[in-house]
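Subject: Structure handover

Hello,

Here is the structure I promised to pass on. Please open it alongside this message.

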Amino acid sequence: MTADAQRHVLRVASALGAVVLVVFLLRIASPGGIVRLLGTTRPCAVAAALAIHAVMLLLRGLRLRVLLPDSPPGPGTAWAITAAGRVAALFLPFRSGELVLPWLLRRHAGVPVATGVAVLVAARAFDLAALGVWGTVSLLWLARGSTTALGAAILLLVPLLILPVLAETAYRLARRCAAARGLEARRIARKVRRLRAALHGLARRPGRLAAAAGLSLAVWGAVWLLTWVLLAGMGHRWPLAVTVAGSAAASIANLVPLNLVANVGTLEAGWTAGFVALGIPANEAAATGFATHLWSLFFAVAAGAVGWAALGLRTRSCRVHGDPPAAR
């Protein structure tokens, strides 16, 4: 079986697994229960959550500017790139939309592709580390000194700590591939070499990395606040620590490649498992998982539409003035 055929089989298996998972969770939650939660969510809670979502994207845009070494885009452009990249990452299948962010940075900020990919990798590592910190704090608060929670946090921090090692390993493997397989492999090796240089460039800026870490904690703080506001708007006023711990499990579950688009299936599975472990009834946990996820997807689409429209207007404005988009 060729490599392309193997990838196709894995994608089909992932999609089928996602469908089975969603059907199973819908049987627990009941579609009627999800619809009732969506219909009874207070409008003021939806408006507040939408505002928090916009602030969260602003924080992500600021982190993007911090991680870019030279000539970062302006705050408005960074927000639009972040919003547009996020909706693409959610809705393009099999996480292929993640690569839209480097393309947007190249098109609208003049950032080299390798630098954009390095920023994407670093941002995801910071997200995972911040998720570990928030999840651990909430679990320790609930469990009052749980060593299991501390161990989970250490595991979540590992990707950030081993990022330079992974980059170096990838570089060495690419060099061997180039030596053994000719011109195409050498092209791949050059791309990996550029990515390695970009990652090393980020590592030489500890002040920027520290600022990005702080912004990542703030980003996830906004995510938890948004979740808590939505749950309260549905009539589920769970303690904040319970909300953070349960929804952290949902975010961790997104790492499992059993979803087709928008993390549907894996997020609800992690959410349900996390909140059931914290004493919430399974049907209530599953229904709130679907409802909050659907609201979050609505916010992402609304912000993404604004972001894509703003970037389109910016591109047309640059053409009118005769300037490349990255120059403005």
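Below is what was found in it, from the whole chain down to single residues.

**Overall**

Please keep in mind that this is a predicted model. The chain has 13 helices and 0 strands. Read along the sequence, the pattern is therefore α from start to end, with helices and strands taken as DSSP runs. Of the 328 residues, 45% are buried. The accessible surface of the chain is about 16,300 Å². Carbon and sulfur atoms account for 70% of that surface.

Contacts reach along the sequence too. Take those between residues at least 6 apart in sequence: 74% of them join residues at least 24 apart.

**The cores**

In soluble globular proteins, nonpolar side chains tend to be buried together. In this chain, the largest nonpolar core has 60 residues. Six residues have the most contacts inside that core: Leu67, Ile81, Leu105, Trp220, Trp224 and Phe299. There is also a second, separate core of 9 residues. Among its members are Leu231, Val242, Leu267 and Ala285.

**Leu101**

Leu101 sits in helix α5, which spans residues 100-109. Is Leu101 buried or exposed? Its relative accessible area is 12%. The cut-off for buried is under 20%, so Leu101 counts as buried. What does Leu101 touch, leaving aside neighbours within four places in sequence? The answer is Leu64, Ile81 and Leu120. Ile81 is also on the list of residues with the most contacts inside the largest core. Val117 is worth finding on screen as well. Leu101 and Val117 are 16 residues apart in sequence, and their C-alpha atoms are 8.0 Å apart in space.

**Trp220 and Trp134**

Now go back to Trp220. Leaving aside neighbours within four places in sequence, Trp220 is in contact with Asp127, Ala130, Leu131, Trp134 and Ser251. Follow Trp134 from there. Trp134 lies in helix α6. Its relative accessibility is 31%. Partly exposed runs between 20% and 50%, so Trp134 falls in that class.

**The surface patch**

Trp134 also belongs to a nonpolar surface patch. The other residues that make the patch are Val133, Val137 and Leu217. The patch covers about 300 Å². Which helix gives the most to the nonpolar patch? Helix α6, residues 113-143, does, with 3 residues. So Trp134, at 31% and partly exposed, is in contact with Trp220 and helps make the patch.

Best wishes

Methods:
Residues numbered from 1 in each chain as written. Predicted model: local features only at pLDDT ≥ 70, side-chain atom pairs only at ≥ 80, totals over all residues. Heavy atoms only, no water. Core = buried A, V, L, I, M, F, W, Y, C linked by side-chain atoms within 4.5 Å. Buried < 20%, exposed > 50% of the residue type's maximum accessible area, 1.4 Å probe, protein only. Contact = heavy atoms within 4.5 Å. Patch = residues over 30% accessible without salt bridge, like charges linked within 9 Å, V, L, I, M, F, W, Y side chains within 5 Å. Areas by Shrake-Rupley, 256 points an atom, 1.4 Å probe, with all protein chains shown as cover. Salt bridge = Lys/Arg side-chain N within 4 Å of Asp/Glu carboxyl O. Helix = DSSP H or I, 4+ residues; strand = E, 2+ residues; numbered from the N terminus.
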